[in-house]
Amino acid sequence: MLNVVIVGPGLVGAALIEQLVAHAQSPRFAALPIVVVGLINSKAMAVSPTPFSVADLTQWKTKILGGSAAAADLAQFVESLASIKGATAVVDCTSSDAIAEQYPAWLSKGLHLVTPNKKAFSNDISLFRRIQELSSSPTGPSVYHEATVGAGLPVLSTLSDLIRTGDKIVKIEGIFSGTLSYLFNSFSAPGATQKFSECVAVAKASGYTEPDPRDDLNGMDVARKVTILGRVAGLDVGTDTLPVENIVPEALRSVSTAGEFMGRLSEFDEHFKKLNEEALASSSVLRYVGFVDGLGNQSSVKLARYPLDHPFASLKGSDNIIAFTTERFPNPLIVQGAGAGAAVTAFGIFADLIKVCERFGTSPSEPKI
Ligand SMILES: NC(=O)C1=CN([C@@H]2O[C@H](COP(=O)(O)OP(=O)(O)OC[C@H]3O[C@@H](n4cnc5c(N)ncnc54)[C@H](OP(=O)(O)O)[C@@H]3O)[C@@H](O)[C@H]2O)C=CC1
Ligand SMILES: N[C@@H](CC=O)C(=O)O
Ligand code: NA
């Protein structure tokens with residue numbers, strides 16, 4: 001049995017709980033060897049020596065983290081996991097740097113880690129290397145973070161399979177942001193009529209953006225994904241050295257809240273309209289792309305023009321597209337699909353939890369179709 005505790009049941013963490021509950025209730029599946037024993041958000045926490053029931057998980061906001069729950073204290077929360085019998089995985093669904101810093105300590109206690117939080121893998125490379133080192137033993141704790149790039153799409157698993165089998169990465173090129181994909185697919189297309197600020201508002205309301213959409217528009221979210229891919233491919237890349245094109249209008253970079261930023265973005269609709277018209281005039285569209293250079297040090301993140309017949313130009317919705325050009329795949333291996341949103345991100349986390357189970361011999365059975 002794998003015990004799971006979720007740190008930060010926000011949009012994505014709540015969707016994970018929903019998927020675990022739906023799985024447990026589905027007659028198609030045998031009982032899953034995954035149980036939830038702890039939840040903590042920024043206000044409250046609860047850890048139970050026995051698994052939370054499906055009924056409690058269905059109403060976790062009131063039944064688990066409601067009135068009688070203890071005040072949140074992460075150190076105490078982690079300490080109390082020592083009393084839980086059997087393997088335990090921490091699922092970090094925050095976007096917190098401070099929590100990412102805790103991973104080495106958690107791994108040293110033998111806790112497994114599954115997370116969509118990009119920070120630990122894209123901040124200082126020494127943290128990335130420490131985590132790799134602590135999770136490198138086949139019998140020790142495992143770390144899976146598929147959802148940090150392309151949400152649930154099989155991007156990191158594909159990359160690590162290519163590398164583990166001896167392929168050489170030439171380049172990885174793609175649209176790695178669900179938010180920026182949605183924005184430019186809707187805004188920069190022949191005949192499109194929506195204003196840029198309207199597209200940003202829809203992306204935020206759809207749950208694609210980071211809590212502050214400037215973290216998407218400034219290119220940092222894509223830079224983090226390019227960094228993670230590069231590091232998994234063995235390259236020494238970091239967000240501090242990557243050239244990154246920031247498309248947040250200069251005047252809005254230092255406004256203090258995401259709300260103020262959203263409120264004032266329409267002042268810059270004309271600026272984005274002009275960029276778009278220039279692209280369309282040359283039969284091209286604007287797309288925000290990341291590039292990992294497997295052979296040199298030309299990795300980058302930028303807004304670029306693509307001709308209308310290019311695969312990046314015909315992308316839909318919040319889809320990501322990731323093209324791996326390798327020694328074995330001179331015509332790129334392409335992964336494409338929804339790369340943001342609560343359900344597809346939670347799917348990636350859920351699949352990683354199943355991998356933790358498989359690695360330790362508590363494999364869930366296949367559906368009974
Ligand atoms: N949304 C998406 O499409 C995708 C998201 N991701 C990543 O998934 C992660 C979660 O995203 P999302 O669910 O949208 O974010 P939310 O802002 O909805 O949720 C974040 C959660 O973290 C909690 N939290 C923040 N700080 C702490 C803390 N110090 N201790 C305990 N809990 C804390 C918040 O608590 P409280 O509720 O009390 O405020 C909240 O529950 C992020 O790292 C994001 O980059 C990855 C791929 C796609
Ligand atoms: N804000 C991100 C969420 C997933 O990483 C995006 O838009 O892709
Ligand atoms: Na992924």
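User: How many residues of domain 1 are in contact with domain 2 here, and how many on the other side?
Analyst: In this predicted model, 14 residues of domain 1 touch 21 residues of domain 2.

User: Which helices supply residues to the side of domain 1 that touches domain 2?
Analyst: Both α7 (119–122) and α8 (125–134) do, with at least two residues each.

User: And how does that side of domain 1 divide into nonpolar, polar and charged residues?
Analyst: On the side of domain 1 that touches domain 2, seven residues are nonpolar, five are polar and two are charged.

User: Back up a bit, please. Where do the two domains run along the chain?
Analyst: Domain 1 comes in two pieces, 2–151 + 343–359, and domain 2 covers 156–339. Taken over C-alpha atoms, the centres of domain 1 and domain 2 are 28 Å apart.

User: Okay, new topic: ligands. How many residues surround ligand 1?
Analyst: There are 31 residues around ligand 1, and the closest are Gly8, Gly10, Val12, Ser42 and Ser95.

User: Which helix gives the most to that shell around ligand 1?
Analyst: That would be helix α1 (residues 11–25), with three residues in the shell.

User: Which domains does the shell around ligand 1 draw from?
Analyst: It takes at least three residues from each of domain 1 and domain 2. By class, the shell around ligand 1 has 15 nonpolar, 13 polar and three charged residues.

User: What about ligand 2, which residues are around it?
Analyst: The residues around ligand 2 are Ala151, Ser177, Gly178, Thr179, Tyr208, Thr209, Glu210, Asp216, Asp221, Gly339 and Ala340. They split into three nonpolar, five polar and three charged.

User: Nice. Now the helices: at what angle do α10 and α11 pack?
Analyst: Helix α10 (residues 178–187) and helix α11 (residues 196–205) pack at about 140°, and their axes are 9 Å apart. Angles over 145 degrees would count as roughly antiparallel, so at about 140° α10 is oblique to α11.

User: Is their crossing left-handed or right-handed?
Analyst: The crossing of α10 and α11 is right-handed.

User: Which residues make the contact between them?
Analyst: From α10 there are Thr179, Tyr182, Leu183, Ser186 and Phe187, and from α11 there are Phe196, Cys199, Val200 and Ala203. That contact of α10 with α11 has seven nonpolar residues, two polar ones and no charged ones.

User: I think I saw Thr179 earlier. Where was that?
Analyst: Thr179 was in the list of residues around ligand 2, and Thr179 is also one of the α10 residues in the contact with α11.

Methods: Residues numbered from 1 in each chain as written. Chains lettered and ligands numbered in written order. Predicted model: local features only at pLDDT ≥ 70, side-chain atom pairs only at ≥ 80, totals over all residues. Near = placed C-beta within 6 Å. Helix = DSSP H or I, 4+ residues; strand = E, 2+ residues; numbered from the N terminus. Nonpolar A, V, L, I, M, F, W, Y, C, P; charged D, E, K, R; others polar. Domains from an automatic or database assignment. Axes fitted to C-alpha atoms, helices over the stretch in contact; angles between N-to-C directions. Parallel < 35°, antiparallel > 145°, perpendicular 65-115°, else oblique. Left-handed = near helix turned anticlockwise from the far one by under 90°. Contact = placed C-beta atoms within 7 Å.
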